[in-house]
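Me: I've got a new model open and I'd like to learn how to read it feature by feature. Can you walk me through it?

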Amino acid sequence: MSNKADAARLTPDGRREQILRVAARHFGRDGFEAVSVRDIAEQAGVTRALVYHYFPGKDALLDAVLRREAEELLAATAPDPALSPRENLERALGAYLDHFAASGGGLRELYAPRASAPAVVHEIAASNHAVQLERVIEFLGVDDTPLTRLAIGGWLGFVEQVAAASTRTAAPTADRVDRDAVTRLCLQALAAVTGAAAVGH
């Protein structure tokens, strides 16, 4: 069955979701600038007019893709009341590293945005960063001071850079570090900058 026949069977919400899934693949593979609305429409089995019906332009489509990706990341890293602070930190770090590794191209910018990334990327990344900062303060049970926020904010940036460096596909296999080792490194760094006992075993 063709993509167009599949799309015709979908509800309006289903068609919108299909467009978003296809767009996410294109953004992840090709980056922001190279994405073509024509190609997205073709692979989603819809017309360009229908894409523009749901998303007024490529920027709006990018915005929707990134916001959905950000929501999925926040859900994956959400604390579990049944776990200890350290277990929650390990779980959140693992989920973050998994999402980073699974992303690519333009979507990877959401996890470690470059200065040249579109403004919407910086906006969404900053929003997620703020949520994660609050979560880490709660996990650690430390005093919520400007210095604490500075330390944890810097640590979140460290995690972004470590994730980026540890998942570079160009790195020789012998130079790659497994996820558990990266998680331990990040926890050690958090303990060092905060002195929080909750990070320890």
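**Reading the model**

Reply: Let's start with one residue: leaving aside its neighbours within four places in sequence, isoleucine 19 is in contact (heavy atoms within 4.5 Å) with Ile40, Ala44, Val46, Val51, Tyr54, Phe55 and Leu61. Keep in mind that this is a predicted model, where local features need pLDDT of at least 70, side-chain atom pairs count only at pLDDT 80 or more, and totals for chains, interfaces and linings use all residues. Residues are numbered from 1 along each chain as its sequence is written, and side-chain values use heavy atoms, with hydrogens and water left out.

Me: How many helices and strands does the protein chain have?

Reply: Helices and strands here are DSSP runs, numbered from the N terminus: H or I over at least four residues for a helix, E over at least two for a strand. The protein chain has 10 helices and 0 strands, so along the sequence the pattern reads α-α-α-α-α-α-α-α-α-α. Among contacts between residues at least 6 apart in sequence, 66% join residues at least 24 apart.

Me: And what share of the 201 residues is buried?

Reply: Buried means under 20% relative accessible area, exposed means over 50%, and partly exposed is in between, using a 1.4 Å probe and protein chains only. Here buried residues make up 44% of the 201.

Me: Which residues touch the most other members of the largest nonpolar core?

Reply: In soluble globular proteins, nonpolar side chains tend to be buried together. A nonpolar core is a set of buried Ala, Val, Leu, Ile, Met, Phe, Trp, Tyr and Cys residues joined through side-chain atoms within 4.5 Å. The largest one has 55 residues, and Ile19, Phe27, Leu61, Leu66 and Trp155 touch the most other members. Helices that each supply at least two residues include H2, H5 (58-76) and H9 (146-166). H8 gives the most, with 8 residues.

Me: Next to Ile19 in sequence is glutamine 18. Is that one buried or exposed?

Reply: Glutamine 18 sits in helix H2 (residues 12-30) and counts as buried, because its relative accessibility is 11%. To see what its side chain does, look for a polar contact: a pair of N or O atoms within 3.5 Å where, within protein, one must be able to donate a hydrogen and the other to accept it, and residues adjacent in sequence count only if both atoms are side-chain atoms. The glutamine 18 side chain reaches the backbone oxygen of alanine 44 at 3.1 Å.

Me: What about threonine 148, which other threonine does its side chain join?

Reply: A polar contact of 2.9 Å joins the side chains of threonine 148 and threonine 145. Threonine 148 belongs to helix H9 and counts as buried because its relative accessible area is 15%. Beyond its neighbours within four places in sequence, threonine 148 is in contact with Val142 and Asp143.

Me: How many aromatic pairs are there?

Reply: Rings of Phe, Tyr and Trp (its six-membered ring) pair if their centres lie within 6.5 Å; planes under 30 degrees apart are stacked, over 60 edge-to-face, and the rest tilted. The structure holds 2 such pairs. Tyrosine 54 and phenylalanine 55 form a tilted one, 6.4 Å centre to centre with 50° between the planes, and both residues are buried. Tyrosine 96 and phenylalanine 100 form another tilted pair, at 6.3 Å and 40°. These two are separated by about one helical turn because they are 4 residues apart in helix H6. Tyrosine 96 is buried at 12%, and phenylalanine 100 is buried at 1%.

Me: At what angle do the axes of H8 and H9 cross?

Reply: Axes are lines fitted to C-alpha atoms, for helices over the stretch in contact, and angles run from 0 to 180 degrees between N-to-C directions. For H8 and H9, the axes come within 10 Å and cross at roughly 115°. Residues meeting across this pair include Leu133 and Ile137 in H8, and Ile152 and Trp155 in H9.

Me: One last spot: where is alanine 197?

Reply: Alanine 197 is in the segment after H10, and it is exposed, with a relative accessible area of 70%. Alanine 197 and leucine 140 are 57 residues apart in sequence, yet 7.7 Å apart in space, C-alpha to C-alpha.
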